[in-house]
Amino acid sequence: MDKLDASTLRCPLPLIRVKLWLRAAQDGERLRVLLTDPGSRQDIPAYVSGVGHRVEVLADDAERLELIITKAP
């Protein structure tokens, strides 16, 4: 599983990195993402599920959001 620690990045950089990963990833590959930026915490799950990929929330509290994204076929 690939990992993206975007905790120090501000919107839109985390979303750009996720889009680049989705473009390069094979179907079924997974990405673990750590986010702290409020905009990214809303935008990334909405974008990823909106384009048909799976999003699983591992942790969601006041300080961070941790996701696993699975690329769909």
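Here is a short walk through two residues, C11 and L13, and their surroundings. Keep in mind as you look that this is a predicted model.

Let's start with C11. Find strand β1, which covers residues 2-5, and then helix α1, which covers 13-24; C11 sits in the loop between them. Is C11 buried, exposed or something in between? It counts as partly exposed, because its relative accessibility is 36%, and that label is used for values between the buried limit of under 20% and the exposed limit of over 50%.

Now look at what surrounds C11. Which residues does C11 touch, if we leave out those up to four places away in sequence? The answer is D37, G39, S40 and D43. Take D37 from that list: D37 is 26 residues from C11 along the chain, and the two C-alpha atoms are separated by 6.7 Å. Try finding both residues in the picture and following the chain from one to the other.

Next, move on to L13, which belongs to helix α1. L13 also counts as partly exposed, because its relative accessibility is 42%. For a second distance, pick out T70: L13 and T70 are 57 residues apart along the chain, with 20 Å between their C-alpha atoms.

Finally, what kind of surface patch does L13 form with I16 and L20? These three residues make a nonpolar patch, and together they have about 260 Å² of accessible area. To see where L13 fits in, go back to helix α1 and look for the side chains of L13, I16 and L20 on the surface.

Technical notes. Residues are numbered from 1 along each chain as its sequence is written. This is a predicted model: local features need pLDDT of at least 70, side-chain atom pairs count only at pLDDT 80 or more; totals for chains, interfaces and linings use all residues. Side-chain values use heavy atoms; hydrogens and water are left out. Helices (H or I, at least four residues) and strands (E, at least two) are DSSP runs, numbered from the N terminus. Buried means under 20% relative accessible area, exposed over 50%, partly exposed in between (1.4 Å probe, protein chains only). Contact means heavy atoms within 4.5 Å. Patches are made of residues with over 30% relative accessible area and no salt bridge: like charges are joined within 9 Å, nonpolar side chains (Val, Leu, Ile, Met, Phe, Trp, Tyr) within 5 Å. Accessible areas come from the Shrake-Rupley method with a 1.4 Å probe; for residues, only the protein chains shown count as cover. A salt bridge is a side-chain nitrogen of Lys or Arg within 4 Å of a carboxyl oxygen of Asp or Glu.
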